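This briefing reviews the fold of one protein chain, then its strand pairing, and finally a few individual residues. Please keep the model in view while reading.

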Amino acid sequence: VQLQACGGGLVQPGGSLRLSCAASGNIFSLNTMGWYRQAPGKQRELAATITSSGVTEYADSVKGRFTISRDNAKYMIMLQMNSLKSEDTAVYYCKTTGRTSRDAAWLNYWGQGTQVTVSS
């Protein structure tokens, strides 16, 4: 399973960005998908996740500003980020738990990351 993320960039404080991540390859089933982020000098942290049935979870720092959504038919997740702050600057990684066949183990897969920079 491969994950391809896109949509990062440079935005001013208060602005918006939309990230997308598409899974491809030998996919039998995907479970929870999500976005994690890692700022310079900090550990990677959860930003938002969404289950296959649409249940979402957000970090307290992004609640009310970020919205995660999912298209199960296209194996895609999106992250709409509004009211961006300088502290949102980080590399954003998409992640999924999936399996390649009915008998295969559930494994974690990570995308390559996309840079989000919030600066004036």
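In which loop is the place of S83? S83 lies in the loop between β8 and β9, the latter spanning residues 90-99. The model is predicted, and its protein chain contains zero helices and 11 strands. The points below move from the whole chain to the pairing around β8 and then to single residues.

**Overall architecture**

- Read from the N terminus, the elements of the protein chain follow the order β-β-β-β-β-β-β-β-β-β-β.
- The radius of gyration of the protein chain is 14 Å, in agreement with the value near 14 Å that a compact globule of 120 residues would have.
- Along the principal axes, the C-alpha atoms of the protein chain fill a box of roughly 50 × 25 × 20 Å.
- Of contacts between residues at least 6 apart in sequence, 55% link residues at least 24 apart.

**Burial, surface and charge**

- Buried residues make up 42% of the 120 residues in the protein chain.
- The protein chain has an exposed area of about 6300 Å², and 46% of this area is supplied by carbon and sulfur atoms.
- The protein chain carries 12 positive and 7 negative charges, and the mean positions of the two sets are 3 Å apart.

**Strand pairing around β8**

- Strand β8 covers residues 76-81 and runs antiparallel to strand β3, residues 17-24, with six bridges joining the two.
- Within this pairing, L19 has L79 in β8 as its bridge partner.
- Strand β7, residues 66-71, is also antiparallel to β8, and six bridges join them.
- F66 is placed opposite M81 of β8.
- β7 and β8 form a hairpin, with four residues between the two strands.

**Residues with positive phi**

- Most residues other than glycine have a negative phi.
- Y75, in the loop between β7 and β8, departs from that pattern with a phi near 55°, although Y75 is not glycine.
- Y75 has a relative accessible area of 30% and is therefore partly exposed, since the partly exposed class runs from 20% to 50%.
- S83 is likewise a residue other than glycine with a positive phi, here about 50°.
- The relative accessibility of S83 is 42%, so S83 also counts as partly exposed.

**Two buried strand residues**

- A23 belongs to strand β3, and its relative accessibility of 7% makes this residue buried, because the cut-off for burial is under 20%.
- Leaving aside residues up to four places away in sequence, A23 touches V1, Q2, L3, L30, K74 and Y75.
- The contact list of A23 thus includes Y75, the residue with positive phi in the turn of the β7-β8 hairpin.
- T49 sits in strand β5, residues 45-50, and is buried with a relative accessible area of 8%.
- With residues up to four places away in sequence again excluded, T49 touches T32, M33, G34, Y36, V55, T56, E57 and I68.
- T56, one of the contacts of T49, is separated from A23 by 33 residues in sequence and by 19 Å in space, C-alpha to C-alpha.

How values were computed
Residues numbered from 1 in each chain as written. Predicted model: local features only at pLDDT ≥ 70, side-chain atom pairs only at ≥ 80, totals over all residues. Heavy atoms only, no water. Rg over C-alpha atoms; globule rule 2.2 N^0.38 Å. Buried < 20%, exposed > 50% of the residue type's maximum accessible area, 1.4 Å probe, protein only. Contact = heavy atoms within 4.5 Å. Areas by Shrake-Rupley, 256 points an atom, 1.4 Å probe, with all protein chains shown as cover. Lys, Arg positive; Asp, Glu negative; His and termini not counted. Charge placed at Lys NZ, Arg CZ, Asp CG, Glu CD. Pairing = 2+ DSSP bridges.
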